[in-house]
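Here are a few exercises to work through with the model on your screen. Try each one yourself before you read the solution.

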Amino acid sequence: MSHASAVTPAPERLHALDALRGIALLLGIVLHAAMSFVLASPRFWIIQDTHPSFILSLLSFTIHVFRMTTFFLMAGFFARMSFHRRGSLGFVKDRLQRIALPLVVCWPLVFVPIALVITWASHFPNGGSLQWSSSWLPALPNFRLTHLWFLYVLLELYLAMLLLRGAIVWLDASGTLRMLIDRVFASVIRNPLAPLILAIPIGIAFCLDPRWVNVIGVRTPDQSLITNAQAWICFGTAFGAGWLLHRQIDLLRILERRWLPHLVLAVVLIWTGFVLSGVMFSAPGAPKLPYSFATLRLASAMLYAPAIWMTTFAALGLALRFMSGFSPTWRYLADASYWLYIIHLPIVMALQVALSQLDWPGLVKFAIILIVAIPPMLASYHLLVRFSFIGAILNGRRAEKRVLPRSGIATA
């Protein structure tokens, strides 16, 4: 591929990647709905259900491996697309409107009900505050960004990428450096070991963290305005990879062709990591392990880091292989996913607390949480957001109601 073609922006909307970005956000709702059913000691969620589930523990572990890395890779891809369509000033204005403004406006609207639900959960023996115990509003830089931390990190990555790109353009007037970067990145993606290569930085970060275990995954910066190193390394690598993929869109075909081996290896790595987490946290009184905890932790890091990228590439390849055509349903859900993710957490938490003590199977209660939560949230999007100024802020445009000429029925 020539350098001229490498930097040509995408001529069409990439429906598969747009859908994948929405799926990554929607999986966050599924993940959070499953958290109360994960059997963990010590407890890491606001409530632990009386009926934990092995299946939901595995589901939670699996989603947690790849969801945010996939999201940030898509964010980097679409960031470059938007940058070249809008220009520098237009891009900054768009990001302030669609990312910074929702963060500032929505944070108090979700923080207050989350705090109230956590207070309610504290009345149960297996619920209540965890990292929230000192005070509701701790001194800066500690700040409870809740699940909206991803917006904060996005703003940081946008700023870092704009500064880095500006410096490269200034220093590299001939384009030689950019051509070299493209060639190196293309050689990495074409290499069958690409997931292992991209996993090296975050794998090293895991190994250097003496408190890291694989159930934690990448440490998310939801408790501080200073983003931790693991988040910068993993999500920054993903964002940068997405940006560079947009410079050479033809590389996506390679990931599409490799979807099956990536998926098989991802399943093996996730299952092995999940089993290993159970071995590491085996119940007291279990037979003594022949390996030290430090050895098992190192093995977990060496498995979890490539699992992140193997599963991310598998998800990307699956989307490109099976979701490349335009689908009105996926387009609608992709548009709705941003709003649903913003508002979902206090709703899901409240349902978890309400159901936590009932003597019902965990899978049944999990299904009830999703069935009760999602339809009203979708209705709120359709009635209050999609065709209003809120939709214009979140999605960059206000959807228009189309009226059928004879029946007069409005459609989305």
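Contact here means heavy atoms within 4.5 Å. This is a predicted model, in which local features need pLDDT of at least 70, side-chain atom pairs count only at pLDDT 80 or more, and totals for chains, interfaces and linings use all residues. Residues are numbered from 1 along each chain as its sequence is written, and side-chain values use heavy atoms, with hydrogens and water left out.

**Exercise 1. Find the surroundings of R21.**

Step 1: Go to helix α2 (residues 15-34), where R21 is found. Helices (H or I, at least four residues) and strands (E, at least two) are DSSP runs, numbered from the N terminus.

Step 2: Skip the neighbours within four places in sequence, and R21 is in contact with F71, M74 and F78.

Step 3: Now check A75, which is 54 residues from R21 in sequence but 7.7 Å from it in space, C-alpha to C-alpha.

Step 4: The side chain of R21 also makes a polar contact with the side chain of D18, at 2.6 Å. A polar contact is a pair of N or O atoms within 3.5 Å; within protein, one must be able to donate a hydrogen and the other to accept it, and residues adjacent in sequence count only if both atoms are side-chain atoms.

Step 5: With a relative accessible area of 24%, R21 is partly exposed. Buried means under 20% relative accessible area, exposed over 50%, and partly exposed in between (1.4 Å probe, protein chains only).

**Exercise 2. Compare the settings of two asparagines, N214 and N395.**

Step 1: Look for N214 in the loop between α6 (194-208) and α7 (229-247), and for N395 in helix α13 (residues 389-395).

Step 2: N214 counts as buried because its relative accessibility is 2%. N395 is buried too, at 12%.

Step 3: The N214 side chain reaches the backbone oxygen of G273 at 2.9 Å, while that of N395 reaches the backbone oxygen of D335 at 3.5 Å.

Step 4: Beyond neighbours within four places in sequence, N214 is in contact with F61, G273, S277, S300 and Y304. On the same terms, N395 is in contact with R98, D335 and Y381.

**Exercise 3. Work out how α3 packs against α11.**

Step 1: The axes of α3 (residues 54-121) and α11 (residues 328-355) come within 7 Å and cross at roughly 20°. Axes are lines fitted to C-alpha atoms, for helices over the stretch in contact, and angles run from 0 to 180 degrees between N-to-C directions.

Step 2: So α3 is roughly parallel to α11. Angles under 35 degrees count as roughly parallel, over 145 as roughly antiparallel, 65 to 115 as roughly perpendicular and the rest as oblique.

Step 3: The crossing of α3 and α11 is right-handed, meaning that the near helix is turned clockwise from the far one by less than a right angle.

Step 4: Residues making the contact include R67 and R98 of α3, and Y338 and Y341 of α11. The residues of this contact divide into 19 nonpolar, no polar and two charged. Ala, Val, Leu, Ile, Met, Phe, Trp, Tyr, Cys and Pro count as nonpolar, Asp, Glu, Lys and Arg as charged, and the others, Gly among them, as polar.

**Exercise 4. Take in the whole chain.**

Step 1: Count the elements, and you get 13 helices and two strands.

Step 2: Of the 412 residues in the chain, 51% are buried.
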